[in-house]
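Thanks for making the time, everyone. I would like to walk you through one structure, starting from a single side chain and working outwards.

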Amino acid sequence: MFVGNRSQFLPGSPLTPPAARIERDPAAPVLDSWELSHRTPPSSMRSGHEVRGFRCQPTSLRPVQQAAQNEHLEKKVGGYPLAFRSKKQFASLRKSLGCIRGHLASPNCTSNEPRRRRPPVTNSRPVKIGAAAIVGTALLLAIGGRFLPGEHGSALAAEKSAAGSVKIGVSAPAVMPLGLPSEDAAKEVLSAALPRHHPQWLEVPIGATKIRAFVIYPDLAGTVPVAVVTARNQGMSDWVRAVGTEVVNEGYITVVPDLLSGLGPNGGGTDSFASREAIATAFGRLGSAEVERRTQAVRDYFARQPGSNGKSAVLDFNWSESRLDAAISSPTEQRVVKFDLTEHAWHNTLALLANLAESPATPQGNSAAPQPKDDAASAASAVRQRDAAQEIAKRPDMVPGHFGGPMKAVDESPRHGEWVDIPANTAKGALKLHSWLVQPLGNEKAAVVVLIHPGPGMDIGEAPHKGEGADWMRAVADRLALQGFIVIMPDLSSGLGPNGGNFDSFKYADDVAKALGTRPVPEKIELLKAARDYALKLPRANGKSGITGFCNGGGFAWESAAEIPGINAAVSFYGAPPDLATMAKIQAPVLAFAGDDDPGLAPKVAAAAPDMQRLGKTFEVKIYPNVTHAFLEHQTLGENAVAALDSWTRAIAFFKRYLNAQTSTRTN
């Protein structure tokens, strides 16, 4: 562990070794506001954070979160921080700093030496100064002369002046504070985050107004704080949503509201305006007081939700004044921290957020949330996960995970599905509902199961490819057909793509998810009903029908049990229950699953049990400890394989019980 003089090292600065842990100084004052230049952040914002690759990360961040984040960023965005101009530049800097780190601990450093945590060093002052000079020189070489020796302060001042000259309606600067994506990379960042965090598009009621919001939940047990992210005069842009994918990794329910909801052409929001200047003009008409009222109302709405611990932060980027304002709210404090948007503003903002979120989470009500594990409990958890993963790998009737070869499972299956286009009608007119149909082997009668994809769409965040894709969802359909069901899987983005295309016609995975968020719930219910009715008319259909789905699709499984007549059974995988009025209309038995490391969902599913019982509904629920959202797909995290093995077995038995299909479980 490297401990430096606290006036010398700033998280992410050129003088901070990459592996340094900034220790809390009990005597350091806690400031309400501080400049981002050469000053050290207050101790409350430095405690418990490591500097990794020039980004402050909370040391309490769950390994599954960090592994998944790294995995998708490396896969989708090129494997280096977006603030660097090129992968080569980042590699050069990393190599230089790796050698410097080794030099601090040993004079015999080679660039190929494994990177590991070094013991504390007790170098003399001249050696420290020399090491600092080496680090500074490496940064100058890697960044390409962006800062010149002796001109660091003037460069920062110039950047501040340039950012401060941004006018209303003008986009954010091309050179972002380190750690923030560029506007050009926003779509890639959003698409890379989709497989890990399934976003929700929600409407927040504020009196007679409904504010559309982009919401992402962290994979953490218990209750967590809320962060609302906005950019003044920018609205809900792709860039602001991309920033939200960073904030959620700090353990926050992250909300990006469209503060212009209902104010655009034809009652639209930010996307309905023709230009940035038109967006800025609309904000001017709205007025700062109304912007503030809407922002606070969105914050308060989510802070009252079951998964929230009552703490919140509102992050507002103000490019015209080159400032980021962080309004912190908790039961014990209300304060605003103002950051100048210089090089390390975002790093220190994340440190502030991590400090606010560092208190231990509260277990979900009515759930089996695990207490902090000792070594023996952790080892037992790992054994359960390993055993379940091995069992899944041996069983051809199990749904493979995202990395378990879903494409191979479909290609090698003796059941050959096909794409069909089903005539359907919506409020906007007729369309062809693009759907995947797969039937069981043999000629006997079979029940129908409607399979609903998650909120990110059929490809669940994978890059769309014309005429291909939906591999994991098609693998799920195949495993249902293996058990004797006729499976119909509609693409709820049908007709929303370019030139009226389907899920495979979009350029980015985020575009699919965003388009799905614009289709009204009643319209989606009508499309699901059209798919079910089509399948019931097939010669082999026995007249019974069930419905199941994941994430947003799991929520529609609940809704369909209430809104589609004749549904005989519904299974919801990590989907939100409906309101009480809709729940009262449910006529079919419902089975629901959730992971406890899903603060936006687990408490809602747990709370549905007494409501369903009071309404006299047939309901079964299972909430798994140490299990995240999307556990059936992401089987390598936590104890997700344990939940996948158990939940799929329960789901098949549930459908067979209520759909009168063959009662024995098939394995090939």
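Let me begin with one contact: the side chain of histidine 347 reaches the backbone oxygen of leucine 178 at 3.3 Å, where a polar contact means a pair of N or O atoms within 3.5 Å, with the further condition that within protein one atom must be able to donate a hydrogen and the other to accept it, and that residues adjacent in sequence count only if both atoms are side-chain atoms. Before going further, please keep in mind that this is a predicted model, in which local features need pLDDT of at least 70 and side-chain atom pairs count only at pLDDT 80 or more, while totals for chains, interfaces and linings use all residues. Residues are numbered from 1 along each chain as its sequence is written, and side-chain values use heavy atoms, with hydrogens and water left out.

Histidine 347 is located in helix α9, residues 345-356, and here helices (H or I, at least four residues) and strands (E, at least two) are DSSP runs, numbered from the N terminus. Is histidine 347 buried or exposed? Histidine 347 is buried, at a relative accessible area of 1%, where buried means under 20% relative accessible area, exposed over 50%, and partly exposed in between, computed with a 1.4 Å probe on protein chains only. The helix around this residue follows suit, since 12 of the 12 residues of α9 are buried, so α9 is largely enclosed by the rest of the structure; among these buried residues are Trp346, Asn348 and Asn355. As for its length, the 12 residues of α9 should span 16 Å at 1.5 Å a residue, and the end C-alpha atoms are 17 Å apart, which agrees; the expected span is 1.5 Å times one less than the number of residues.

Now to the sheets. Seven strands form an open sheet in the order β3-β4-β6-β5-β7-β8-β9, with mixed pairing, and two strands are taken to pair if DSSP finds at least two bridges between them. At the edges lie β3 (200-206) and β9 (333-340), each of which pairs on one side only. On average, neighbouring strands of this sheet are turned by 25° against each other, direction ignored, with axes being lines fitted to C-alpha atoms, for helices over the stretch in contact, and angles running from 0 to 180 degrees between N-to-C directions. Strand β8, residues 323-330, pairs with β9 in the antiparallel sense over eight bridges, and isoleucine 328 stands opposite arginine 335 in β9.

Further along the chain comes strand β15, residues 569-573, which is mostly covered, with five of its five residues buried. In a regular strand the side chains alternate between the two faces of the sheet. In β15, Ala569, Val571 and Phe573 point one way and Ala570 and Ser572 the other way. On one pairing, β14 (residues 541-550) runs parallel to β15 and is joined to it by five bridges, with serine 572 in β15 as the bridge partner of glycine 549. β15 is also joined to β16 (residues 590-597) by four bridges, again in parallel, and there alanine 570 has valine 590 as its bridge partner. Together, β14, helix α15 (residues 552-563) and β15 make a right-handed β-α-β unit, right-handed meaning that, with the strands pointing away from the viewer, the path from the first strand over the helix to the second runs clockwise.

Finally, the charged pairs. How many salt bridges does the structure hold? The structure holds 31, each being a side-chain nitrogen of Lys or Arg within 4 Å of a carboxyl oxygen of Asp or Glu. One of them joins aspartate 271 to lysine 514, with the closest N and O atoms 3.1 Å apart. Aspartate 271 lies in the loop between β6 (253-257) and α7 (276-286), and lysine 514 in helix α13 (residues 509-518), so the pair ties together parts that are 243 residues apart in sequence. The partners contrast in their surroundings, as aspartate 271 counts as exposed at 53% relative accessibility, whereas lysine 514 is buried at 14%. Both belong to a network of salt bridges that also links Lys187, Asp238, Arg241, Asp510 and Asp511.

A second salt bridge joins glutamate 563 and lysine 585, whose closest N and O atoms are 2.9 Å apart. Glutamate 563 is in helix α15 and lysine 585 in the loop between α16 (580-583) and β16, 22 residues apart.
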